[in-house]
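Colleague: Could you take me through one part of this model in some detail? I would like a close look at a single loop and what surrounds it.

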Amino acid sequence: MKRASHKRKRSTNPTACPCVYKYLSCAPSFQHTAAIYASIMARTPMIALHLLVALCILSSVRTSSSAPSDVDGFIGCLSAAIPPSLIHTPATNSYSSLLLASVRNLRYVLPGTTRPLLIVAVTEPAHVQATVVCGRRHSVRIRTRSGGHDYEGLSYASVDPDQHFAVLDLGELRAISIDASRSEAWVGSGATLGELYYAAAAANQTFGFPAGNCPTVGVGGHLSGGGFGALSRKYGLSADQVIDAVVVDAEGRLLNRSTMGKDLFWAIRGGGGESFGVVLSWKVRLVAVPETVTVFSIRRLRNESAVDLITKWQAISPALPRDLYLRVLVQNQQANFIALFLGRCGGLVDTMRARFPELGMTEQDCQEMSWVKSTVFFFYNTADRPAEVLLDRRNANYYLKVKSDHVAEPIPGEALESIWTKWLEKPEAALIMLDPYGGRMRSIPPSATPFPHRDYLYQFQFFSFWFENGTAALERRLSWVRGVYEDLTPYVSKNPRAVYVNYRDLDIGTNELEGNVTSYAKARVWGEKYFKGNFKRLAAVKSMVDPDDFFRNEQSIPPLPAAKR
Ligand code: FDA
């Protein structure tokens, strides 16, 4: 009997999300174990968490043992092409540690989530080709995981019990080779951004790469969705610097830029991960950074006119020279203005005095360092750690929910003031990140890559992370993020609400099937929020390269129906 994957409408009810307490009450046969677990939890929460995940996995072993034979057929097919030591089923000891290794969001490892049937930890391209071919032959879908940072866990989990999939773990495909004479690099999808930054700077202190501020994010998912960071005002998104790629398509073929064609090459540079194939590696242009850059971090409390400063920042920051990136993080009732300047302190002070004197920045705020150390500073808020921390692939474990938006016109000061009063004084308030666009971001046409949001002043992120287990904490955090998002409606992007695909948000809609492929009409609801007018072109590419919709998840691009082409 074959196990097909049918998509049901997904519940957005927060209580449908996994949590420890739901688990403790949901499985009568585990009541005794649950009592033991609860007592460990009270004393050593982290050990208890790992124990819990192991218990959940044991429960899925039971389910899998009665799994229909196509899973067995899949394993048999894989075993003929891939060393069995790379195939991790729930029956193997390695499964749970491998599953947890790059998980960022604890909402998607606890009970209630559908875990992978198995994990294939590939070490060479042929293993990826075999996994795709075997998956198609035996009706087992694949979720590709590079760094595992998907905000909604789509690379390793699902909240839909009807999804059955194997995870293709690219963590070992992380070679980075730099051609310093051409300022180019080939980088494996399994590399992290930190590893790429470190390797670029090791080759030459004046090489940089525009990408995100979190060093453990995976190159594979990040470049697939765009990739925004501190160098984006100067050099655009990561995807804007991609010059070639190696992809395994739905037929299991290995393609490069010239053999994949311009449409697929366009789609993989920002159309979001998973939909078009598995990108094994990327050839990127390294960008020029000075040997010394300058950073600062200036905190202002609400009674030190934080709201006035943010109000001014909205118009000032996107219009600053491209060498200057000035973001704001709001947390614990204070605004932290954080800058990267591609130059020395003197130039930064002059620019800040001329363009944003109200912030009161002086020479004392400057910290000069190499660009690679600035990437450490941006993540750890200190440059005291050595650049080698960028090579640490381990993640912190927390629960996470993020919503994001874009702003076209500065939000009036009174509106910001009332949002602060209503939302930011609550203990469950999220970390709010405001990231300016402008500069190179704005000078690239919105259809040049799938990322269409080039003209906005800045992007908003409500990044809610927490460590407490339980439904109450979960509901409190989710309602905070959703509530503030709702209240901002009059002031932010409209028709559609503009969301960046790398800030994955399943609240904006999920796929449904029409026949055996994803419905284009339903997918437009979320798809146009991520891609605006580019969504239709992405769907057209999908119908060319994966008409059977093999590469599919809750927000994968659907094939464009023939009638719409
Ligand atoms: P993961 O492996 O989870 O993949 C994400 C999606 O892409 C999944 O659907 C997956 O199946 C698919 N995929 C992964 N590898 C693929 C491949 N090789 N081929 C095809 N599909 C593939 N973003 C940003 O722009 N700027 C930033 O500063 C940050 N900062 C940040 C901090 C933190 C703490 C987190 C958790 C996330 C961010 N992000 C971000 C968002 C990040 O860019 C986004 O989640 C990426 O998709 C993560 O890529 P990973 O490979 O780590 O994720």
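Modeller: Happy to. Lys 532 sits in the loop between H17 and H18, and since this is a predicted model, please read every value here as computed from it. Phi of Lys 532 is near 45°, a positive value in a residue other than glycine. With a relative accessibility of 25%, Lys 532 counts as partly exposed, because buried would need under 20%.

Now look at the two helices on either side of that loop. Helix H17 covers residues 520–531 and helix H18 residues 534–545; they pack at an angle of about 125°, and their axes are 8 Å apart. That angle makes H17 oblique to H18. The crossing in which H17 passes H18 is right-handed. From H17, the contact is made by Tyr 520, Ala 523, Arg 524, Trp 526, Gly 527, Glu 528 and Phe 531, and from H18 by Asn 534, Phe 535, Lys 536, Leu 538 and Ala 539. Sorted by class, the residues of this contact are 7 nonpolar, 2 polar and 3 charged.

Beyond H18, there is another backbone feature to inspect. Asp 549 lies in the segment after H18, and its phi is near 65°, again a positive value in a residue other than glycine. Asp 549 has 0% relative accessibility, so it counts as buried.

On the other side of H17 in sequence, follow the chain back to Ile 508, in the loop between H16 and strand S19 (513–514). Ile 508 counts as buried because its relative accessibility is 8%. Leaving aside neighbours within four places in sequence, Ile 508 is in contact with Val 499, Val 525, Trp 526, Lys 529, Tyr 530 and Gln 555. Trp 526 is thus a residue to keep in view, being in contact with Ile 508 and also taking part in the contact of H17 with H18. For Tyr 530, the C-alpha atom is separated from that of Ile 508 by 9.5 Å, with the two positions 22 residues apart along the chain. The loop between H16 and S19 also holds Pro 496. A cis peptide bond joins Asn 495 to Pro 496, with omega about 0°.

That loop leads back to H16, which packs with H14 at an angle of about 160°, the axes being 11 Å apart. At that angle, H14 is roughly antiparallel to H16. Their crossing is right-handed. The contact is made by Ile 419, Lys 422, Trp 423 and Leu 424 of H14 together with Ser 479, Trp 480, Gly 483, Val 484 and Asp 487 of H16. By class, that gives 5 nonpolar, 2 polar and 2 charged residues.

As for H14 itself (residues 413–424), Ala 415, Leu 416, Ile 419, Trp 420, Trp 423 and Leu 424 are buried. These residues lie on the same side of H14, because they cover an arc of only 140° around the axis. Their cover includes helix H11 (306–316), strands S13 (324–331), S14 (334–341) and S17 (431–436), and helix H16 (471–487).

To set all this in the whole chain, the secondary structure comes to 18 helices and 20 strands, and 60% of the 565 residues count as buried. Among contacts between residues at least 6 apart in sequence, 75% join residues at least 24 apart.

Terms used: Residues numbered from 1 in each chain as written. Predicted model: local features only at pLDDT ≥ 70, side-chain atom pairs only at ≥ 80, totals over all residues. Heavy atoms only, no water. Buried < 20%, exposed > 50% of the residue type's maximum accessible area, 1.4 Å probe, protein only. Helix = DSSP H or I, 4+ residues; strand = E, 2+ residues; numbered from the N terminus. Arc of directions from axis to C-beta. Contact = heavy atoms within 4.5 Å. Axes fitted to C-alpha atoms, helices over the stretch in contact; angles between N-to-C directions. Parallel < 35°, antiparallel > 145°, perpendicular 65-115°, else oblique. Left-handed = near helix turned anticlockwise from the far one by under 90°. Nonpolar A, V, L, I, M, F, W, Y, C, P; charged D, E, K, R; others polar.
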